[in-house]
There are 2 protein chains.
Amino acid sequence: MTSENKRPSGEDSLIARYFKPLATDPGAFALDDDAAVLKARGEDIVVTTDAIVEGVHFLSDDPPDTIARKALRVNLSDIAAKGALPAGFVLTLALRSVDEAWLAAFAGGLGEDARSFACPLLGGDTVSTPGPLMVSITAFGRVSEGKIVHRSGAKPGDRVMVTGTIGDAALGLDILNGGAVTSALAGDQAAKEMLISRYRVPQPRNALAEVVREYASAAMDVSDGLAGDLTKLCAASRVSAAIETALVPTSKPAAALLGRGVTNLEALISGGDDYEILCTVSEDHVAVFAQDAARAGIAVTSIGKVIAEQGAPRFMDAHGNAIRLKRLSYSHF
Amino acid sequence: MTSENKRPSGEDSLIARYFKPLATDPGAFALDDDAAVLKARGEDIVVTTDAIVEGVHFLSDDPPDTIARKALRVNLSDIAAKGALPAGFVLTLALRSVDEAWLAAFAGGLGEDARSFACPLLGGDTVSTPGPLMVSITAFGRVSEGKIVHRSGAKPGDRVMVTGTIGDAALGLDILNGGAVTSALAGDQAAKEMLISRYRVPQPRNALAEVVREYASAAMDVSDGLAGDLTKLCAASRVSAAIETALVPTSKPAAALLGRGVTNLEALISGGDDYEILCTVSEDHVAVFAQDAARAGIAVTSIGKVIAEQGAPRFMDAHGNAIRLKRLSYSHF
């Protein structure tokens with residue numbers, strides 16, 4: 001945190017106590033200056049920014065360490081999907097008041113993630129707000145010159161691949177909101193906790209970044225729902241896709257809830273907050289892509305193909321019939 | 001704006017309409033991707049982030065174009081004070097609702113400033129909030145490797161220099177709040193407007209960046225009040241300073257208000273939002289620094305000297321007597 005903006009000395013000392021330990025990069029100048037320096041080392045700097053707002057992207061009573069982790073991880077997820085390695089981040093924290101216990105827990109979670117993802121804090125700003133808590137992060141990545149993976153490179157015939165499982169976070173949010181999933185899983189605390197943790201603490205696929213950079217023709221992260229995000233990728237690439245929804249990877253609890261009719265496929269593929277990587281890979285690279293992904297410890301699944309059309313992707317059921325989706329993605333406005 | 005986060009297609013089209021024209025840098029990919037690329041070109045990338053919140057850093061009824069300009073300029077001011085040239089910025093906009101007229105005016109002001117300061121929009125995020133409007137910007141600069149100007153380089157004997165005039169923005173805020181300055185300037189609309197505009201639309205000194213980089217031993221921008229910010233610069237440099245307050249540059253209206261006792265020196269040097277550059281320059285560089293500053297069209301004034309002590313700077317009146325300041329800077333918490 002630079003300390004030049006509307007901040008009393010009391011807060012300066014809080015920042016020193018809680019956030020300085022996270023500023024391990026020499027370019028952060030121990031948060032003692034007005035700006036940081038990011039060394040490029042002959043690579044391109046990838047820049048992404050994502051904010052999360054209390055009551056919109058996280059819940060008021062979410063634990064502070066998970067709020068911090070989510071704020072950083074939604075950005076790390078973009079860095080990964082672009083084929084880049086994390087280089088650092090700056091943080092803007094809008095707080096109603098200074099609560100030391102809350103800040104300590106927040107900084108603790110943030111620091112653990114900054115270390116484990118090798119993404120140090122470079123600077124930031126703390127402002128007071130009369131409104132909801134907001135955490136805005138701008139994260140940086142490094143990628144070989146010209147090698148960023150765009151949304152726009154998908155080619156007809158490419159396979160559509162997705163990491164991990166889809167729809168868990170939407171189910172987790174349903175539980176936190178006391179929805180139908182809550183009672184359906186009344187006896188299964190472990191399943192509930194798994195789904196909630198998928199909502200609160202996404203697992204960005206940074207371990208896959210180099211594999212994506214090497215083999216993906218197009219990539220983006222799934223944050224607004226698989227259906228809507230694939231639609232965006234197709235539009236950017238001027239192609240369409242045919243998706244076999246039966247192939248969409250689901251977790252055990254999600255599959256069970258699907259089987260019991262507690263949720264439906266549309267809810268899973270249009271629900272937000274997955275933070276998986278969606279990418280396209282040419283047919284002759286699929287095998288090596290899957291192999292290298294397995295080596296990186298990331299599950300990848302082929303869910304369909306890119307087709308030489310323009311327009312929204314087609315989602316087909318197990319019988320090859322088109323499914324009409326009422327909504328493609330989560331929307332707040 | 002990347003369009004991957006909680007954003008419906010309606011908002012995507014708003015972003016395309018209003019913000020795409022600002023994304024003139026090829027690394028912004030016309031805001032059609034999840035991340036931007038910043039080319040380093042062998043220089044260091046300077047990173048700074050500052051947020052402004054409705055009701056805290058600007059007023060609810062401030063014109064949208066001035067809100068946008070202020071959000072960008074407070075960041076440009078940091079870039080300038082570090083001796084760097086603007087390279088671009090990312091924007092996070094937290095909105096209660098989508099108001100096309102407001103957005104058009106906001107983007108209009110932002111676009112004009114982005115052009116005139118050669119600081120293109122690289123990407124961003126728009127989120128909904130039930131709370132106050134908030135604009136968070138992370139701005140980037142470029143500076144020759146290792147040449148960023150720190151807070152920490154001031155040496156005993158260096159002159160303390162400041163650009164422009166000090167205290168106008170605090171007087172402008174007083175007027176907007178209906179304070180004592182309002183009635184004191186009842187007959188002088190031009191003076192009122194000048195002071196208000198100094199609060200709403202700071203004039204960052206980016207034209208001075210190369211001169212600062214060349215000659216300043218330490219620098220920072222004055223955003224929280226000259227007294228408090230100089231205290232921070234001295235602490236970072238492990239020195240103190242002796243300031244002749246009679247030398248602190250004031251505008252005509254501010255000087256007149258001082259003369260009439262409507263305001264006092266303490267209010268001016270502890271008031272926030274000046275966004276001038278405070279720097280230290282060694283005695284043998286002061287002449288060429290002032291000359292080059294004049295050539296860049298920026299007024300600079302020597303207000304005192306760095307002294308070989310540690311502790312808060314001393315502020316002296318015209319008779320050489322120390323002034324005790326009750327507060328050093330503006331504080332929101």
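In the predicted model, the contact between the two chains draws 63 residues from chain A and 65 residues from chain B. On the side of chain A that touches chain B, the elements that give two or more residues are strand 1 (36–38), strand 2 (44–53), helix 2, strand 3, strand 4 (121–128), strand 5 (134–143), strand 7 (216–222) and helix 8 (226–237) of chain A. The most is given by strand 2 of chain A, which supplies 9 residues to this side. By residue class, the side of chain A that touches chain B is made up of 26 nonpolar, 20 polar and 17 charged residues.

Strand 2 of chain A also takes part in strand pairing across the two chains, since it is joined to strand 1 (residues 36–38) of chain B in the antiparallel sense over 3 bridges. Within strand 1 of chain B, the residue that stands opposite Val46(A) is Val37(B).

The relation between the copies can be stated as a rotation of 180° with 0.0 Å of shift along its axis, which superposes chain A on chain B with an RMSD of 0.0 Å. This is the relation of a two-fold axis. The residue of chain A that comes closest to the rotation axis is Gly131(A), whose C-alpha lies at 2.2 Å. Of the interface residues of chain A, 100% are also interface residues in chain B, so the copies meet through the same surface.

Turning to the single chain, chain A contains 11 helices and 11 strands. Its C-alpha trace spans about 65 × 50 × 35 Å along the principal axes. For 333 residues, a compact globule would be expected to have a radius of gyration near 20 Å, and the value for chain A, 20 Å, agrees with this. Of the 333 residues of chain A, 60% count as buried. When contacts in chain A between residues at least 6 apart in sequence are considered, 87% of them join residues at least 24 apart.

Chain A is divided into domain 1, which covers residues 9–143, and domain 2, which covers residues 159–316. The C-alpha centres of these two domains of chain A lie 26 Å apart, and the contact between them takes 19 residues from domain 1 of chain A and 17 residues from domain 2 of chain A. On the side of domain 1 of chain A that touches domain 2 of chain A, at least two residues each are supplied by helix 2 (64–81) and strand 3 (85–95) of chain A, and helix 2 of chain A gives the most, with 11 residues. The residues of this side of domain 1 of chain A comprise 11 nonpolar, 3 polar and 5 charged. Helix 2 and strand 3 of chain A are also among the elements that give two or more residues to the side of chain A that touches chain B.

In chain B, an open sheet of 7 strands is found, with the order 7-9-6-10-8-11-12 and with mixed pairing. The edge strands of this sheet are strand 7 (216–222) and strand 12 (322–323) of chain B, each of which pairs on one side only. Within the sheet order, strand 8 stands beside strand 11, and these two strands of chain B, residues 240–244 and residues 314–316 respectively, run parallel and are joined by 3 bridges. Ile243(B) has Phe315(B), in strand 11 of chain B, as its bridge partner.

How values were computed:
Residues numbered from 1 in each chain as written. Chains lettered and ligands numbered in written order. Predicted model: local features only at pLDDT ≥ 70, side-chain atom pairs only at ≥ 80, totals over all residues. Domains from an automatic or database assignment. Contact = placed C-beta atoms within 7 Å. Helix = DSSP H or I, 4+ residues; strand = E, 2+ residues; numbered from the N terminus. Nonpolar A, V, L, I, M, F, W, Y, C, P; charged D, E, K, R; others polar. Rg over C-alpha atoms; globule rule 2.2 N^0.38 Å. Buried ≥ 20, exposed ≤ 12 C-beta atoms within 10 Å, placed from the backbone. Pairing = 2+ DSSP bridges. Least-squares fit on C-alpha atoms with pLDDT ≥ 70 in both.
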